[in-house]
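Here is a short note to read alongside the structure. Keep the view open and take the points one at a time.

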Amino acid sequence: MHRILSKDILAPDVARFWIEGAHIARKRKPGQFVIVRTSEDGERIPLTIADVDKQRGAISIIVQGVGKSTKQLNALNVGDAILDVAGPLGRGTEIHPNARVCCIGGGIGTAVVYPIACGAKALHGQVVAIVGGRTKDFVILEKELRAVVDRVIVTTDDGSAGAKGLVTDALRGLLAEGATFDEVVAVGPLPMMKAVVALTKPLGIKTTVSLNPLMVDGTGMCGGCRVSVGGEQKFVCVDGPEFNGHLVDFDELGARLRAYREQEAESLRLYNERVACQAISN
Ligand SMILES: Cc1cc2nc3c(=O)[nH]c(=O)nc-3n(C[C@H](O)[C@H](O)[C@H](O)COP(=O)(O)OP(=O)(O)OC[C@H]3O[C@@H](n4cnc5c(N)ncnc54)[C@H](O)[C@@H]3O)c2cc1C
Ligand code: FES
């Protein structure tokens with residue numbers, strides 16, 4: 001059991017939890033994730049370890065409530081316990097000392113790039129972060145990133161915060177200003193990562209993406225998280241979650257992510273009905 005030590009809301013349907021997890025905090029490298037289960041019959045939810053506090057023996061996870069399991073998790077409060085938190089899983093980010101890195105986070109993807117940006121700074125890198133959201137309400141971790149990296153650029157689709165436009169517009173702007181990067185790290189919705197890769201590939205800028213396929217066991221045994229990278233089959237849970245973006249087959253991954261849409265929608269509908277019934281009977 002992992003007790004929830006604190007909870008705050010970062011954006012609509014996005015909660016940050018600090019939870020007990022001393023052994024995970026001790027071992028975790030930036031880029032790694034945990035698989036969480038809230039109850040015996042609950043689904044396994046892969047979530048990036050956004051931050052660790054080794055002294056307190058705690059880890060932070062940032063959760064966007066998109067379906068039944070993540071909404072169920074976000075309904076928990078301080079003092080509640082999470083049944084299982086398995087990890088750290090996956091390979092840590094390969095961070096090179098003194099690298100010039102552009103970390104791009106779209107929506108909840110910023111929770112994934114934040115620890116990578118911190119890791120790059122810890123190795124004396126020069127780090128620029130581009131943080132995108134649909135509107136100002138969906139921009140997360142701006143303050144936390146400003147405290148760590150050299151420069152933060154915010155973009156929103158509607159211009160309600162930062163520059164109006166997409167994260168790729170900001171990257172294009174930086175490159176036009178003459179900025180040079182050893183690496184771009186992009187994490188967010190698949191179309192966003194695909195667009196970043198389309199921009200950097202012809203320029204030959206190394207680009208790392210963190211993939212979020214459906215996962216079941218998280219051990220490389222079930223095949224649920226299979227992706228094609230450079231024509232080879234890889235398992236995101238053990239070979240990733242980070243890959244060379246120039247080699248990822250985003251279209252195949254998108255199709256696999258859509259495979260259970262109907263079942264996911266039905267599961268969310270039943271969950272919402274149950275929550276509504278409980279509210280009426282209370
Ligand atoms: C390595 C890894 C790290 C992740 N880190 C985080 C994190 O730090 N914070 C976070 O909020 N989420 C993260 N995710 C995504 C998260 O695991 C899924 O959103 C979650 O499993 C959805 O479960 P659900 O039952 O709530 O929704 P489901 O009922 O399974 O899905 C509902 C809808 O959510 C969308 N969805 C489902 N799975 C994904 C996915 N993997 N990526 C994008 N959209 C999806 C689809 O549109 C789907 O129809 C990560 C995924 C992986 C593989
Ligand atoms: S989740 Fe089963 S192989 Fe990766």
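**Notes on the ligand site and a pocket**

1. Let's begin with the surroundings of ligand 1. Its shell, by class, holds eleven nonpolar, six polar and four charged residues. Please keep in mind that this is a predicted model.

2. Which residues come nearest to ligand 1? Out of the 21 around the ligand, they are Pro-46, Gln-64, Thr-70, Asn-212 and Glu-264.

3. Now look at where the shell comes from. Strand 4 (45–48), strand 6 (58–64), helix 2 (68–74) and helix 9 (261–281) each provide at least two of its residues. Strand 4 gives the most, with four residues.

4. Next, try finding some oxygen atoms of ligand 1 and their partners. A polar backbone atom of Pro-46 is 2.7 Å from one such oxygen, and a backbone N or O atom of Gln-64 also lies 2.7 Å from an oxygen of the ligand. With Glu-43, it is a polar side-chain atom that lies 2.9 Å from a ligand oxygen. Taken on its own, ligand 1 has 880 Å² of accessible area, and the protein covers 84% of it.

5. Then turn to the second largest pocket, whose volume is about 280 Å³. Its lining includes Arg-91, Glu-94, Glu-183, Lys-206, Asp-239 and Phe-243. By class, the lining has one nonpolar, five polar and six charged residues.

6. Which strand gives the most to the lining of this second largest pocket? Strand 17 does, with three residues. Strand 14 (207–210) and strand 17 (242–244) each supply at least two.

Terms used. Residues are numbered from 1 along each chain as its sequence is written. Chains are lettered from A and ligands numbered from 1 in the order in which they are written. This is a predicted model: local features need pLDDT of at least 70, side-chain atom pairs count only at pLDDT 80 or more; totals for chains, interfaces and linings use all residues. Side-chain values use heavy atoms; hydrogens and water are left out. A residue is near a molecule or strand if one of its heavy atoms lies within 4 Å of it. A polar contact is a pair of N or O atoms within 3.5 Å; within protein, one must be able to donate a hydrogen and the other to accept it, and residues adjacent in sequence count only if both atoms are side-chain atoms. Accessible areas come from the Shrake-Rupley method with a 1.4 Å probe; for residues, only the protein chains shown count as cover. Ala, Val, Leu, Ile, Met, Phe, Trp, Tyr, Cys and Pro count as nonpolar, Asp, Glu, Lys and Arg as charged, and the others, Gly among them, as polar. On a 1 Å grid over the protein atoms alone, a cavity is a set of points where a 1.4 Å probe fits but cannot get out, and a pocket is an open set with protein on both sides within 12 Å along at least five of seven lines; lining residues have an atom within 4 Å of a point. Grid points are joined across faces, edges and corners, and a volume is the space filled by probe spheres set on the points.
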